[in-house]
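Could you walk me through this structure? I am new to it and would like to look at it piece by piece.

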Amino acid sequence: MTFKRSVALVTAIGSLTLFAPPLRAVAAPAQQAVVTAQGLTINGTVVKGGSTVPNIRLRVRNVDTGAIAGQITSDQNGAFTFTVPAAGLYMVEAINDDGKVIGAGEALNVNTASTTPFITTVVLSTTRNAAIFSSTALILLAAAGGAAITTIITDEGGSTPPPVSPER
Amino acid sequence: MASQREAKGVSSILIWMALIALLGAFGGCRNAPRQGRIQPSYDQTGKLKLLTWDRNGDGKPDTWGYMDGGRIVRIEIDTDGNGKIDRWEYYDANQKLEKVGTSRANDGKPDTWTYPADGEIVRVELSPRHDGRVTRTEFYEAGALVRAEEDTDGDGRVDKWETYAHGVMSSVAFDTAGTGHPTRRLAYDEQGQLIAFGPPRDSVPTTSKH
């Protein structure tokens, strides 16, 4: 590289620096964008029966327009983060492999005024088994009968005579 | 009818007692865990208040039957033997099982209450914050979830309504104005496509499915 070329290169760099927008002006939108992104971020968790659910397909939907703002999948901890494109009323839907809706979070009024992410919980319905109603009462009373307090269990009047028990 | 049921219940109890006595007398179930003795507790008038039972025979009580004399009021059970109660059975005045409490958090406090009718689940109340306050109620028909109501912000008012058909959500509505009534509603077809949205009374049918 000759001296002339070196001078030209330095001059060109100097010119670029001189006529480039001030660094702050460039940085300002970026900083603003970060703040905006925080304000428009939805953090959430998918839960089912009290436990978090990983790898659930989710859709973020604008409640007012019905439009889908994006799709995401819950992570290994059942958590997800989504940044919506603009302020508005949003909800998160959980969908199964067939694309059917199996749960939804609350309606979130996402706005730029907030400096913290919006939090939602998507509750999936749990398959419940009527076997939960297997009563322990008969077993307990039968066992209590073996403990010599049988006189109480056939009493229906409410005025139970003091039971006789070896423990008394 | 009711007296017949009661008679049947009493008969069942007597049959159970006889079976237990027979098994004990002839040494049946030798390999089964040895069940501990039941400890009854009484109040000052001699009324039975509590039956404490070491059901699994590990030397620690795991079943507590709260009694009002001869009537069971509630049974609390530590089913997994971790020292924390995880099942609560509540009985009504007719000794019918009224509801079953469970602890999804397994923290010794009930956070889910399941209600039966004719042996089927009809309602489930949930306290997602584990604070004892019910903020979500699910309704079941023939064992299937058909709708749910939820107070998502914990202000004591329901602000979210869900309906289900064939195991999938068919609509969800929100109260976004704090009125206690739905102000937004979204409806889905069975394929999960949005078919209507907007204020509940005049939901806008979608021109194109989302």
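## A first tour in questions

Author: Welcome! Gln95(B) is a good place to start: this residue is buried, because 20 other C-beta atoms lie within 10 Å. Please keep in mind that the model is a predicted one.

Reader: Where is the place of Gln95(B) in chain B?

Author: Two strands frame this residue, β5 (87–91) on one side and β6 (97–102) on the other. They form a hairpin with 5 residues between the strands. The place of Gln95(B) is thus in the loop between β5 and β6 of chain B.

Reader: What is the phi of Gln95(B), which is not a glycine?

Author: Gln95(B) belongs to the hairpin of β5(B) and β6(B). Although the residue is not a glycine, its phi is positive, at about 65°.

Reader: How many bridges pair β5(B) and β6(B)?

Author: One facing pair helps you find the spot: Glu89(B) stands opposite Val100(B) in β6(B). The two strands run in the antiparallel sense, and their pairing counts 5 bridges.

Reader: Which residue in β5(B) does Arg74(B) stand opposite?

Author: Here we look at β4(B) and β5(B), which are antiparallel and joined by 4 bridges. Across from Arg74(B), in β5(B), is Tyr90(B).

Reader: Does Asp78(B) count as buried or partly exposed?

Author: Asp78(B) sits in the loop between β4 (71–77) and β5 of chain B. A residue needs 20 or more other C-beta atoms within 10 Å to be buried. Asp78(B) has 19 C-beta neighbours inside 10 Å, so this residue counts as partly exposed.

Reader: Which residues does Asp78(B) touch, not counting those up to four places away in sequence?

Author: Trp64(B) is 14 residues apart from Asp78(B) along the chain, and their C-alpha atoms are separated by 9.0 Å. Leaving out residues up to four places away, Asp78(B) touches Asp62(B), Gly83(B), Lys84(B), Ile85(B) and Asp86(B).

Reader: How many C-beta neighbours does Asn106(B) have inside 10 Å?

Author: Look in the loop between β6 and β7 (112–117) of chain B to find Asn106(B). This residue is not a glycine, yet its phi is positive, at about 50°. Asn106(B) counts as partly exposed because its C-beta neighbours inside 10 Å number 14.

Reader: Which residue takes a positive phi in the hairpin of β9(B) and β10(B)?

Author: Strand β9 (residues 136–141) and strand β10 (residues 144–150) of chain B run antiparallel, joined by 6 bridges. Tyr140(B) is placed opposite Leu145(B) in β10(B). The hairpin has 2 residues between the strands, and the positive phi, near 50°, is that of Ala142(B).

Reader: Which residue in β11(B) does Glu149(B) stand opposite?

Author: β10(B) also pairs with strand β11 (residues 160–165) of chain B, in the antiparallel sense and over 4 bridges. Facing Glu149(B) from β11(B) is Trp161(B).

Reader: How many residues does domain 3 of chain B bring to the contact with domain 2 of chain B?

Author: Chain B is divided into domain 1 (1–31), domain 2 (33–108) and domain 3 (111–210). The centres of domain 2 and domain 3 of chain B, taken over C-alpha atoms, are 34 Å apart. The contact takes 9 residues from domain 2 of chain B, and from domain 3 of chain B it takes 7 residues.

Reader: What pattern does chain A follow along the sequence?

Author: Chain A has 3 helices and 9 strands. Read along the sequence, they give the pattern α-α-β-β-β-β-β-β-β-β-β-α.

Reader: What share of the contacts in chain B with a separation of 6 or more comes from residues 24 or more positions apart?

Author: Chain B holds 1 helix and 15 strands. In chain A, residues 24 or more positions apart account for 50% of the contacts with a separation of 6 or more. In chain B that share is 4%.

Reader: How many residues does the largest nonpolar core have?

Author: In soluble globular proteins, nonpolar side chains tend to be buried together. Ile42(A), Val60(A), Val84(A), Tyr90(A) and Met169(B) have the most contacts inside the largest nonpolar core. Beyond four places in sequence, Ile42(A) is in contact with residues including Val60(A), Phe82(A) and Leu108(A). The size of this largest core is 42 residues.

Terms used. Residues are numbered from 1 along each chain as its sequence is written. Chains are lettered from A and ligands numbered from 1 in the order in which they are written. This is a predicted model: local features need pLDDT of at least 70, side-chain atom pairs count only at pLDDT 80 or more; totals for chains, interfaces and linings use all residues. Domain bounds come from an automatic or database domain assignment. Two residues are in contact if their C-beta atoms, placed from the backbone, lie within 7 Å. A residue is buried if 20 or more other C-beta atoms lie within 10 Å of its own, exposed if 12 or fewer, and partly exposed in between; C-beta atoms are placed from the backbone. Two strands pair if DSSP finds at least two bridges between them. A nonpolar core is a set of buried Ala, Val, Leu, Ile, Met, Phe, Trp, Tyr and Cys residues joined through C-beta atoms within 7 Å.
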